[in-house]
Structures are given as C-alpha cells and as structure tokens.
Amino acid sequence: MFSDLAVDFCDKKSSFSGVTVEERRQGVITERKVEILSKQAERELGKRVGKYFSLEIPNGTFPQIPLILHLKKLLCELIVNPLPKGAQVLVVGFGNGNLACDALGALALNGLIVGQDSRVRVRTLNPGVEGTTGIKGTTVLSAVVREIQPQALLCVDALVGAKFSRIGNVFQLTDAGISPGSGTGNRTFSVTQETLGIPVYAIGVPLALPYEIEGQGTQKFLVCPREIDILVQRVSRVICDAVNLAFHPELSLSDVRSLLY
C-alpha cells in the first residue's frame, strides 16, 4: 500500500514500535497526531521521522459553512504553533496547475496575502513542473532559498491517499518535509531541513488514489473523483484562508476576504 498520509498506516488499531498516535474529536472533525520517532519505524512505514498532524472531516460536509469555518480555525492553529515568531517564511506551491488533481499547490498561492507585517514576512513561490518549464521544481526552490534566505519553508502539495473516504477530506501538516512527485514514482529530491538547512513544513490533502491493472505488464494509474475540479478549488480555499489567518493574526476571515475578493 502506498499513501502520503501517515494516518493510513497508523490508525488507533495499529501498533508500531517507535510510533505514537494520539486522537481526539473536535465536534465531527477528527484530529490526529502521529509521531514517528525511530529510523526503524521510518523504514517500515516509508515516512520520515517527524510529527504528522491531520484533520479529517466526514464525507459530504463541505457545503456546511460552520464546519468549514471551524476546520479553517483548527488548521490555522496547527500552522501557527511551529512557526518561528517574526520569521520570514517562503510558501511554496508544488504541482502542475494545469492538471486538476495536481493543482492544489498552485491554487493555494493565488489568494495569499504577501508582504510584511509585525509578525511574519511572507513570500510565495510556484516553481512549476519540469514538464512545462524544463527545470526541476526543486532546483528552482534551492536557488530561491539561497537568494532570499527565508527562515522557514511552508510547502503545499496534493497528496496520494489509500482510502477513498479520505480523498479531499484529510488535511495533513508535517514537520518532516516533503518529496514532490513521490506519489507518481517521480521522487527526485526531498525538501527537508537536512537538504535546505531551514525548518520545512508541508501541508497536503489527498486528491488521488493509486490503481493497478495487471495484464501484460502491470499498469499503474492514479485515479481521482469525477468532481475533482470542484474539490481542489474547495480544499485550496481552506488552506489559503488558514494560512492567511496564521500569518496575519490581526485580520479576521472577513477582513481577508475584503482584501482579496
């Protein structure tokens, strides 16, 4: 089984050495913290040592405005807690903006308030994908990090999940970094504190599932819901609003909306 979600491997019924799992309910939202503590657990699960926080909402709840407002608040709190106060933060949106199931990173950047305030200085980067630019996104990122020297990185990318019920319904934040392209077997470079020298946090939502057809050679696919265009717009707005509230605590969600829309 392949999945970018730690919770797909470490639910409450699972037991792994070197892994701790905490779970609590926030109304109908399930909040989990999976912490991978050892290199052995890292090898067994295929997930780097670190903390993986997730917020999961039930299927079909996106039209419920009070619930989504609560989700944005909880995600904002998860983002705020690890960020160094007063730090310059580079928000990076990975993925292909021309492909709906891979457009989360690019879309999440569209509504961010950038610039400088009293708490956090915010810049954004969409490095694109090699297929459209001819340059690996991680190469672009490394060059920009050397040039502007941010103090922390916040990456946004679409994830691959293992359970259909979690597609578009789980928001994961980790301090373990990210490996862009890993869901398609195209992992070339890990974006982590070890590779870039600064803290790296990553937000993602599963928008596709792996699928195999066996015959004359196994064919591997990624499948997504038919309403993926609507889904990616919805989850990107949740991330965008949560990041804006985290970086601009003096603003309300209404203030953010009046500035942007």
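Here are some friendly notes on a few helices, strands, loops and single residues in this predicted model.

1. **How α7 and α8 meet.** A good place to start is the pair formed by helix α7, residues 228-247, and helix α8, residues 253-260. Their axes come within 10 Å and cross at roughly 110 degrees. With angles of 65 to 115 degrees counted as roughly perpendicular, α7 is therefore roughly perpendicular to α8.

2. **Who makes that contact.** On the α7 side you will find R237, D241, N244 and L245, while α8 brings L253, V256, R257 and L260. By residue class, the contact of α7 with α8 divides into four nonpolar, one polar and three charged.

3. **V238 in helix α7.** Please also have a look at V238, which lies in helix α7. Its relative accessible area is 1%, and buried means under 20%, so V238 is buried. Leaving out residues up to four places away in sequence, V238 touches F62, I68, L71, K72, L75 and F171. For a sense of scale, 64 residues of chain lie between V238 and T174 in numbering, and their C-alpha atoms are separated by 17 Å.

4. **L159 in strand β7.** Strand β7 spans residues 152-160, and L159 is found in it. L159 counts as buried because its relative accessibility is 10%, under the 20% limit. Neighbours within four places in sequence aside, L159 is in contact with D4 and L5, with Q172, and with the run G204, V205, P206, L207 and A208. V122 is 37 residues from L159 along the chain, and the two C-alpha atoms are separated by 24 Å.

5. **Q149, in the loop ahead of β7.** The loop between α5 (137-148) and β7 holds Q149. You may want to check the backbone here: phi of Q149 is near 50 degrees, a positive value in a residue other than glycine. Q149 has a relative accessible area of 61%; exposed means over 50%, so Q149 is exposed.

6. **Q151, in the loop between α5 and β7.** Q151 is also found in the loop between α5 and β7. At 41% relative accessibility, Q151 counts as partly exposed. Not counting residues up to four places away in sequence, Q151 touches G86, A87 and Q88, along with R121, I198 and P199. Between the C-alpha atoms of Q151 and V89 the separation is 6.0 Å, although these residues are 62 apart along the chain.

7. **G18, before β1.** Towards the start of the chain, G18 sits in the segment before β1 (19-26). G18 has a relative accessible area of 24% and is partly exposed. Apart from neighbours within four places in sequence, G18 is in contact with E35, I36, L37, S38 and A41. The C-alpha atoms of G18 and K73 are separated by 31 Å, with their positions 55 residues apart along the chain.

8. **Aromatic rings.** How many aromatic pairs does the structure hold? The structure holds zero aromatic pairs. There is still a ring to inspect: K47 lies over the face of F2, at 5.8 Å from the ring centre.

Methods:
Residues are numbered from 1 along each chain as its sequence is written. This is a predicted model: local features need pLDDT of at least 70, side-chain atom pairs count only at pLDDT 80 or more; totals for chains, interfaces and linings use all residues. Side-chain values use heavy atoms; hydrogens and water are left out. Axes are lines fitted to C-alpha atoms, for helices over the stretch in contact, and angles run from 0 to 180 degrees between N-to-C directions. Helices (H or I, at least four residues) and strands (E, at least two) are DSSP runs, numbered from the N terminus. Angles under 35 degrees count as roughly parallel, over 145 as roughly antiparallel, 65 to 115 as roughly perpendicular and the rest as oblique. Contact means heavy atoms within 4.5 Å. Ala, Val, Leu, Ile, Met, Phe, Trp, Tyr, Cys and Pro count as nonpolar, Asp, Glu, Lys and Arg as charged, and the others, Gly among them, as polar. Rings of Phe, Tyr and Trp (its six-membered ring) pair if their centres lie within 6.5 Å; planes under 30 degrees apart count as stacked, over 60 as edge-to-face and the rest as tilted. A charge sits over a ring if NZ of Lys or CZ of Arg is within 6 Å of the ring centre and within 35 degrees of the ring normal. Buried means under 20% relative accessible area, exposed over 50%, partly exposed in between (1.4 Å probe, protein chains only).
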